[in-house]
Amino acid sequence: MPQALGAPPAPCQAGLARPLHRAAVTALLLGAAWPALAQPDDTDALRLADAAPRHVETTKEWQWYAEGALGQTTQRHGGGTTVNQRLSFDVQFDKSLAPHWRAVLANRLDVNWSAPSGQPRSINTLKEAYLSWQARDDRLVDIGRINARYGVATGYNPTDFLRAGAIRSLVSVDPGSLKKNRLGSVMLRGQALWRGGSLTALVSPKLADQASAEPFSPDFGATNAQHRWLLAASQQVTENLNPQWLAYGGQGQATQLGFNLTTLMGDASVAFVEWSGGRSRSQYAQALATPDDTAWRNRLATGLSYTTASKLSLTLEYHHNSAALSKANWSALMRGPPAAYLRYRQWTQRAQELPTQQGLGMYALWQDALLQRLDLNAMLRHNLADRSRLAWLEARYHLDHADLALQWQVQSGKAGSEYGAPAQRRAWRGVVRYYF
């Protein structure tokens, strides 16, 4: 996810976004009739860089690591370079306190040094802190801060309804890192399980009015600035078909619907579709507080994953968001007043939404590439409206108690485009992570 920017807008309000054609929606719903894989839970499709390494024992009550990073950034204007350093501490606690009771804690502290000031800047992210009560074998109740993630796509998740405002410290553009290293929402969550199905219901109350910039703030205003609720249900239809339906709503917004499905296309190929839709204002209207333009709007992520016998996984995704700006309105925004452009970009970055209506994502993971314990990760995101691109590569070698990684990133495009506007053009980073 690129940094904040500065450049040009003032598009017209009419026709900023249109619902998908009926045929597309119909095709989406007909997808439920296809043979499918079981619906995955909150894990990421490609298990990218920040997924737990293979040598970590998940049965440990305490899991924590320290990570040091040293890198260099090349600026877009003038071509100057900046050296940056980071030291991070990540801890996870998961313990049974008594019969049927469990406590979970996940916290991350990032300390950054960046030239020319060289002054340290600390940001603490309280990812999770909750109590879980298993009333019966098939009934669970959780209360506290929970990172509830939904969706089957990799780079864009329309059904991940609780992601807005959750990124407190951006350490990587890797989708796995963005989903894992974020604030959870304070909520009361109940889950019911039965043969072949489940139902999850949660309520998340308003706790603060606005986000906090204080380094060690729990930042309830970022995740709990309004009352919200969510329902998620899945039911096994056939042996290989287990779709998931969602409904999400809250204070001052209409109910949004969601749907997730994955489909086995062969021994090595999986097709997936993730959709959400409902009545809402356009993103431009929300970002700039323009007159109400509420209409039905759709968001979609669909694609195909293929895995080879050599442990190479390739994924191609198509992203659509009818609440975002069309190609014409995005072009007008880039040429307009810089203040409006900046407000819109900041809003979409905070909401983790697409700034334009269409995009492509390509992702690759090669485990044990070339030699044992070496993993190669790659990502390419392409904006179809302005043809700008973000490329990210990582080589990660796993030792018994440590990881060594080298990361490279480049953003390219014309001035004002999604990936051509950020001040950072190119960056590399060396990372050492030690597991205790």
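1. Let's start with Lys414. This residue is exposed, with a relative accessible area of 52%. Anything over 50% counts as exposed, so Lys414 makes the cut. Keep in mind as you read on that this is a predicted model.

2. Where does Lys414 sit? Look in the loop between β17 (402–412) and β18 (424–435). Lys414 also has company: together with Lys327, Arg335 and Arg387, this lysine gathers in a patch of positive charge on the surface.

3. Now have a look at helix α5, which covers residues 327–335. Which residues of this helix are buried? They are Asn329, Trp330, Ala332, Leu333 and Met334. An α-helix has 3.6 residues a turn, so residues three or four places apart point the same way. Try tracing the buried positions of α5 in the viewer with that in mind.

4. What do the buried residues of α5 pack against? Their partners are α4 (283–288) and α6 (338–351).

5. Next, a backbone point. Lys311 is not a glycine, yet has a positive phi of about 70 degrees. You'll find Lys311 in the loop between β12 (295–307) and β13 (312–321). With 42% relative accessibility, Lys311 is classed as partly exposed, because that class runs between the buried limit of 20% and the exposed limit of 50%.

6. Leu370 is worth a click too. Its phi is positive, about 70 degrees, although Leu370 is not a glycine. This leucine belongs to the loop between β14 (358–366) and β15 (374–383). Is Leu370 buried or exposed? Leu370 is exposed, at a relative accessible area of 72%.

Methods
Residues are numbered from 1 along each chain as its sequence is written. This is a predicted model: local features need pLDDT of at least 70, side-chain atom pairs count only at pLDDT 80 or more; totals for chains, interfaces and linings use all residues. Side-chain values use heavy atoms; hydrogens and water are left out. Patches are made of residues with over 30% relative accessible area and no salt bridge: like charges are joined within 9 Å, nonpolar side chains (Val, Leu, Ile, Met, Phe, Trp, Tyr) within 5 Å. Accessible areas come from the Shrake-Rupley method with a 1.4 Å probe; for residues, only the protein chains shown count as cover. A salt bridge is a side-chain nitrogen of Lys or Arg within 4 Å of a carboxyl oxygen of Asp or Glu. Lys and Arg count as positive and Asp and Glu as negative; His and the chain ends are not counted. The place of a charge is taken as NZ of Lys, CZ of Arg, CG of Asp or CD of Glu. Helices (H or I, at least four residues) and strands (E, at least two) are DSSP runs, numbered from the N terminus. Buried means under 20% relative accessible area, exposed over 50%, partly exposed in between (1.4 Å probe, protein chains only). Contact means heavy atoms within 4.5 Å.
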